[in-house]
Amino acid sequence: MYLHLGEDTIVKTSDIIGIFDMDTTTVMKSSRNFLNKAEKEKRAVTVSFELPKSFVVLKKREDKKPTVYITQLSSTTLENRSKTFLGYK
């Protein structure tokens with residue numbers, strides 16, 4: 001299955017490691033460091049130039065390090081979309 005992250009970005013649900021709320025997770029220094037490192041290593045993809053509300057971490061089998069998608073959609077919206085596609089609603 002696939003999950004629409006906003007704009008023109010769609011990812012495979014099997015590649016998703018986690019969906020994180022930007023406001024609650026960036027309070028921790030480790031989360032900020034993770035996002036900064038991903039951006040420096042060019043593993044961060046900005047889905048939209050609107051205010052970011054969440055980020056999604058993906059790990060593809062062929063990649064050694066995870067990719068971070070920063071999106072304007074809330075983590076709750078993304079969670080509900082994934083549940084709808086997986087038939088949990």
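Colleague: Which side chains of strand 2 point to one face and are buried, and which point to the other?

Modeller: In this predicted model, the side chains of strand 2 (residues 9-12) alternate. Thr 9 and Val 11 point to one face and are buried, while Ile 10 and Lys 12 point to the other face and are not buried.

Colleague: What makes strand 1 and strand 2 a pair?

Modeller: Two strands pair if there are at least two bridges between them. Strand 1 (residues 2-6) and strand 2 are joined over four bridges, in the antiparallel sense, so they satisfy the criterion. One of the contributing residues is Gly 6, whose bridge partner in strand 2 is Thr 9. The two strands form a hairpin with two residues between them, and Glu 7 in the turn has a positive phi of about 50°.

Colleague: Why are strand 3 and strand 4 said to stand at the edges of their sheet?

Modeller: The open sheet of four strands has the order 3-5-6-4, with mixed pairing. Strand 3 (16-21) and strand 4 (44-46) each have a single partner strand, so one side of each is left without a neighbour in the sheet. From one strand to the next, the twist averages 20°.

Colleague: How do you know that strand 3 and strand 5 pair?

Modeller: The requirement is at least two bridges. Strand 3 and strand 5 (residues 54-58) have five bridges, in the antiparallel sense, and therefore they count as paired. Within this pairing, Asp 21 has Ser 54 of strand 5 as its bridge partner. Helix 2 (residues 29-40) packs on the sheet and touches strand 4, strand 5 and strand 6 (67-71). The direction of helix 2 makes about 105° with that of strand 6.

Colleague: Why is the pair of Phe 20 and Phe 55 called stacked?

Modeller: Rings pair if their centres lie within 6.5 Å, and planes under 30 degrees apart count as stacked. For Phe 20 and Phe 55 the values are 5.1 Å centre to centre and 25° between the planes, so both conditions are fulfilled. A search of the whole structure finds one aromatic pair. The pair links Phe 20 in strand 3 with Phe 55 in strand 5, 35 residues apart.

Colleague: Why is Phe 20 described as partly exposed, and why is Phe 55 described as buried?

Modeller: Buried means under 20% relative accessible area, exposed means over 50%, and partly exposed lies in between. Phe 20 has 30% relative accessibility and therefore counts as partly exposed. Phe 55 has a relative accessible area of 3%, so Phe 55 is buried.

Colleague: How do you know that Ser 75 is buried?

Modeller: The limit for buried is under 20%. Ser 75 has a relative accessible area of 15%, and therefore it is buried. Ser 75 is found in helix 3 (residues 75-86). Not counting residues up to four places away in sequence, Ser 75 touches Ile 19, Phe 20, Asp 21 and Ser 54.

Colleague: What makes up the largest nonpolar core?

Modeller: This core has nine residues in all, including Leu 3, Val 11, Val 56 and Leu 78. Strand 1 and strand 5 each supply at least two residues of this core. A second, separate core of seven residues includes Met 22, Ala 38, Phe 55 and Val 68.

Definitions and conventions:
Residues numbered from 1 in each chain as written. Predicted model: local features only at pLDDT ≥ 70, side-chain atom pairs only at ≥ 80, totals over all residues. Heavy atoms only, no water. Buried < 20%, exposed > 50% of the residue type's maximum accessible area, 1.4 Å probe, protein only. Contact = heavy atoms within 4.5 Å. Axes fitted to C-alpha atoms, helices over the stretch in contact; angles between N-to-C directions. Core = buried A, V, L, I, M, F, W, Y, C linked by side-chain atoms within 4.5 Å. Phe/Tyr/Trp six-rings, centres within 6.5 Å; stacked < 30°, edge-to-face > 60°.
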